[in-house]
Amino acid sequence: MVLKDFDSAAFLRDYWQKAPLLIRNPWPVWNNPLEPDELAGLACEAEVESRLVVGAQSSWAVEHGPMAETHFARLGKAPSTLLVQAVDHHVPEVAALIEPFRFIPNWRIDDVMVSYATDGGGVGPHYDQYDVFLIQGKGRRHWRVGQLCDDDSPLIPHDDLRLLAEFHATDEWVLEPGDILYVPPRIAHDGVAVGDDCMTYSVGFRAPSRSELLTNFVDDLVAQMQDDDRYSDPDFAIQDNPGEISNIALDRMHRLAIEKLQDRASFTRWFGRYSSTRKYPEIDWSPEALVSEADIETCLRSAAIVMRNPASRFSFVQEGVMTLLFVDGSTFECVSACKAFAEALCKADRVALPPHPNPDAELVKLMTDLVNQGSIAFDEQVES
């Protein structure tokens, strides 16, 4: 999928994390990739995260999935919104909606949430901590955008929804099928279905908080530390007052505390593992019986297509002559023939491989590990 007449460089310069932008139907041809009944079917699955928001204005009730198949028929006339997370992990046509936004690095991508709303349905005025492209798939939705919010913005008490107590609209539009609304982080917004059969696809982008980075990086570092890595002062001198914590001691303890935090190489490897950890590990492609390197060599001797598990996360970092590949929380050090495959795997969800009469041993081992951890699989249909 591509967007016609869309300047990604200009968008990043003028709008990304700066201001909302309405993009009127930029698709060469727009086709809604998912029917409402299919979305409802996903919401009934135990491994799929879903919510049903019923009501409007100040009386929203939230139910969490999985939903019973008969539940939707009993909703009555009250406005309702069904929200299903990570639909891109289950429906390739929905996953294709991410492709036009690949000018944003893959490690920032969260998932594609899909919502279906009846007339008047919505989730109330709120703000998110992430960037989102809201693609109108079917029907119409009235969107309002408002003020910049923060942790001090007053909220309406609710156990399941973060509803703004104050909303000051600065702009509003009615989106038709194929239209896109970009909303930056912390910008208040509110979408209400205009008529029934309103479907919206939310392509969300994550951004870790400072507290999240520090907490998880420190936890990783602490797990590797030895008990005898302690404060020491072999050149200690007598103090005038034993109650004083001297500046010399404070400097030493401060260095002891932050020295590991300043290790860029350790941070790089930790963040690669952390950011590539699956959000939904339930979607598991691990084979029932582990494959061997001999099995992979056999596959590689013929032309093959390798597919990524849609729930898996792939990224890489260049470290000298080596490519560090991060997949589903694991690190793989790639050189020689392995590098090109690792980088191709991070770029596309399908990689076509020519026949390898003598497969590279490093490549074979990497592919064996990735197949056995359920991150990739060979397509049964081999393109000639």
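**Exercise 1. Which residue in the turn of the β13 and β14 hairpin has a positive phi?**

Before solving, note that this is a predicted model, in which local features need pLDDT of at least 70, side-chain atom pairs count only at pLDDT 80 or more, and totals for chains, interfaces and linings use all residues. Residues are numbered from 1 along each chain as its sequence is written, and side-chain values use heavy atoms, with hydrogens and water left out.

*Solution.* Start with the strands, which are DSSP runs of E with at least two residues, numbered from the N terminus, while helices are runs of H or I with at least four. Between β13 and β14 there are 2 residues, and G320 in this turn has a positive phi of about 65°. Next, look at the pairing: β13 and β14 run antiparallel and are joined by 6 bridges; two strands count as paired if DSSP finds at least two bridges between them. In one place, F314 stands opposite V327 in β14.

**Exercise 2. Work out the order of the strands in the open sheet.**

*Solution.* First, read the order: β13-β14-β15, 3 strands with antiparallel pairing. Then find the edges: β13 (314-319) and β15 (330-334) each have a single partner strand, so one side of each lacks a neighbour in the sheet. From one strand to the next, the twist averages 25°. Now turn to the second hairpin: β14 (residues 322-327) and β15 share 5 bridges, with S330 as the bridge partner of V327 and F332 opposite L325. This hairpin also has 2 residues between its strands, and D328 takes a positive phi near 50°.

**Exercise 3. Decide how enclosed β14 is, and find the helices beside the sheet.**

*Solution.* Begin with burial, where buried means under 20% relative accessible area, exposed over 50%, and partly exposed in between (1.4 Å probe, protein chains only). In β14, 6 of the 6 residues are buried, so the strand is largely enclosed by the rest of the structure. M322, L324 and F326 point one way, and T323, L325 and V327 the other. Then add the helices: α6 (residues 264-275) touches β13, β14 and β15, and its direction makes about 35° with that of β14. Here contact means heavy atoms within 4.5 Å, and angles run from 0 to 180 degrees between N-to-C directions of axes fitted to C-alpha atoms, for helices over the stretch in contact. Helix α9 (residues 361-372) lies across β14 and β15, at about 170° to β15.

**Exercise 4. Is H71 buried or exposed?**

*Solution.* Locate H71 in the loop between β3 (61-64) and β4 (80-84). Its relative accessibility is 15%, so H71 counts as buried. Finally, check its contacts: beyond neighbours within four places in sequence, H71 touches L52 and E63.
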